[in-house]
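Welcome, and please open the model in your viewer. We will go from one selection to the next and look at what is there.

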Amino acid sequence: MKKSRTHVIPVLSTQVTAVVSVALVLIILGIVGLFGIAARTVSHDIRQQVGFQVMLADNLPESRIAELKRKLQDADYVATLQFASADDVLERWKEFGGEEDNDLELLGVNPFVAEFEVGVTSAYSDPAKLAKVAAEVEKLDGVTDVSLHTEVVKSINHTMRSLALVLFVVAGALLLISFVLINNTVRLTVYARRFTIHTMKLVGATEGFIRRPFIWSSIVNGIVAGVIAMVVLGGLLFYLGTVNPDVARVVDWRAAAMLFAGLFIAGMMICATAAFFAANKYLRLGYDNMFR
């Protein structure tokens with residue numbers, strides 16, 4: 001009875017160690033994935049803040065301005081649209097220019113014209129696409145000029161590409177490290193039962209029959225670890241959302257759910273693969289090598 005108990009405890013401890021280790025690795029991967037989701041959302045929001053300015057002809061009738069506004073609002077490339085009259089533009093210029101005693105007011109002249117500030121959708125936040133759209137807008141009746149935010153777009157695109165590359169490299173490195181750690185952890189659980197494998201070989205069990213319970217056991221460990229990781233990450237998201245409501249906005253729950261599902265499946269697949277190779281290793285070892 002004592003032997004049976006002392007045999008069960010090491011196996012159980014290795015199973016718990018495996019579950020905890022896999023769960024921690026999945027949590028770390030999940031945090032990186034959540035950062036990626038947040039970065040994508042922020043990138044999408046920033047891209048929608050860039051676009052171009054549409055300068056209108058002087059003394060353009062209100063009816064024509066309203067017509068242009070409807071055309072721009074109906075365009076698929078427009079994310080935001082803001083109209084500013086000539087007086088609004090003048091006030092904005094004085095505010096940013098810091099001109100307290102404006103000579104233009106003394107002359108009674110406003111050199112500015114009414115304009116539309118257009119923010120494009122993220123799909124059109126490319127300099128080439130922006131230039132094409134601007135050329136079409138410039139042909140509209142009542143439009144005198146279109147000013148592109150080209151340099152801002154290039155800067156944002158470059159920054160976002162760099163950030164995406166960094167996150168991709170970090171995620172790839174973590175995935176490789178996670179596979180190594182999970183593989184070692186699963187090997188530990190198989191190592192604890194190596195004599196069981198040898199005994200089953202002696203009674204004539206096939207390799208597939210011996211390997212199967214180890215693989216299923218590792219899959220169960222992966223499932224439990226995946227559930228733990230999802231609960232921890234979901235709780236973390238919920239807590240951060242209560243502290244800062246912006247977290248709920250930048251981390252889409254649908255994307256987060258897909259990430260959690262991916263982590264769940266990845267945990268099972270990595271554990272099953274590691275168990276397959278670990279079991280094969282001890283299936284090919286002789287009795288004397290079992291003690292090494």
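Which element gives the largest share of the lining of the second largest pocket? To find out, select I31, L34, F35, A38, L236, L237, L240, V247, V250 and V251, the residues that line this pocket. The answer is α1, with 4 residues of the lining. Now colour α1, α8 (207–243) and α9 (245–250), the elements that each give two or more residues to this lining. The space in the second largest pocket comes to about 170 Å³. Its lining has 10 nonpolar residues, with no polar and no charged ones.

**The whole chain**

Zoom out for a moment. This is a predicted model, and its chain has 292 residues, of which 37% are buried. Switch to a cartoon view and you can follow 10 helices and 4 strands. Starting at the N terminus, the elements come in the order α-β-α-β-α-α-β-α-β-α-α-α-α-α. Among the contacts with a separation of 6 or more, 83% join residues 24 or more positions apart. If you turn on a surface, the exposed area is about 17300 Å², with 64% of it supplied by carbon and sulfur atoms.

**The largest pocket**

Next, select L29, V32, G33, G36, L167, F168, A171, G172, L259 and L263, which line the largest pocket. The pocket holds about 220 Å³ of space. Three helices each supply at least two residues of this lining: α1 (2–47), α6 (150–191) and α10 (253–283). By class, 7 of the lining residues are nonpolar and 3 are polar, while no charged residue takes part.

**The nonpolar cores**

Now turn to the largest nonpolar core, which has 40 residues. A good selection to begin with is L34, I182, V186, V190, I197, L237 and V251, the members that touch the most others in this core. The elements giving two or more residues to the core are α1, α6, α7 (194–202), α8, α9 and α10. Of these, α10 gives the largest share, 14 residues. L34 and L237 may look familiar, as both also line the second largest pocket.

Centre the view on I182 and show what surrounds it. Which residues is I182 in contact with, leaving aside its neighbours within four places in sequence? They are V22, V25, I270, C271 and A274. Apart from this core lies another one, of 20 residues; select V54, L56, V120 and V137, which are among them.

**The cavity**

For the last stop, look for enclosed space. Rolling a probe the size of a water molecule over the atoms shows where empty space is left. The structure holds 1 cavity of 30 Å³ or more, and the largest cavity has about 40 Å³ of space. Select Q15, T189, V190, R193, F214, S217, S218 and N221 to see its lining. Both α6 and α8 give two or more residues to this lining, and α8 has the largest share, with 4 residues.

What classes of residue make up the lining of the largest cavity? There are 2 nonpolar, 5 polar and 1 charged residues. Set this beside the second largest pocket, where the lining has no polar and no charged residues. V190 is worth a final click: this residue lines the largest cavity, and V190 is also one of the residues that touch the most other members of the largest nonpolar core.

Definitions and conventions. Residues numbered from 1 in each chain as written. Predicted model: local features only at pLDDT ≥ 70, side-chain atom pairs only at ≥ 80, totals over all residues. Heavy atoms only, no water. 1 Å grid on protein atoms, 1.4 Å probe; cavity = no way out; pocket = protein on both sides within 12 Å on 5 of 7 lines; lining within 4 Å. Points joined across faces, edges and corners; volume = space filled by probe spheres on them. Nonpolar A, V, L, I, M, F, W, Y, C, P; charged D, E, K, R; others polar. Core = buried A, V, L, I, M, F, W, Y, C linked by side-chain atoms within 4.5 Å. Buried < 20%, exposed > 50% of the residue type's maximum accessible area, 1.4 Å probe, protein only. Contact = heavy atoms within 4.5 Å. Areas by Shrake-Rupley, 256 points an atom, 1.4 Å probe, with all protein chains shown as cover.
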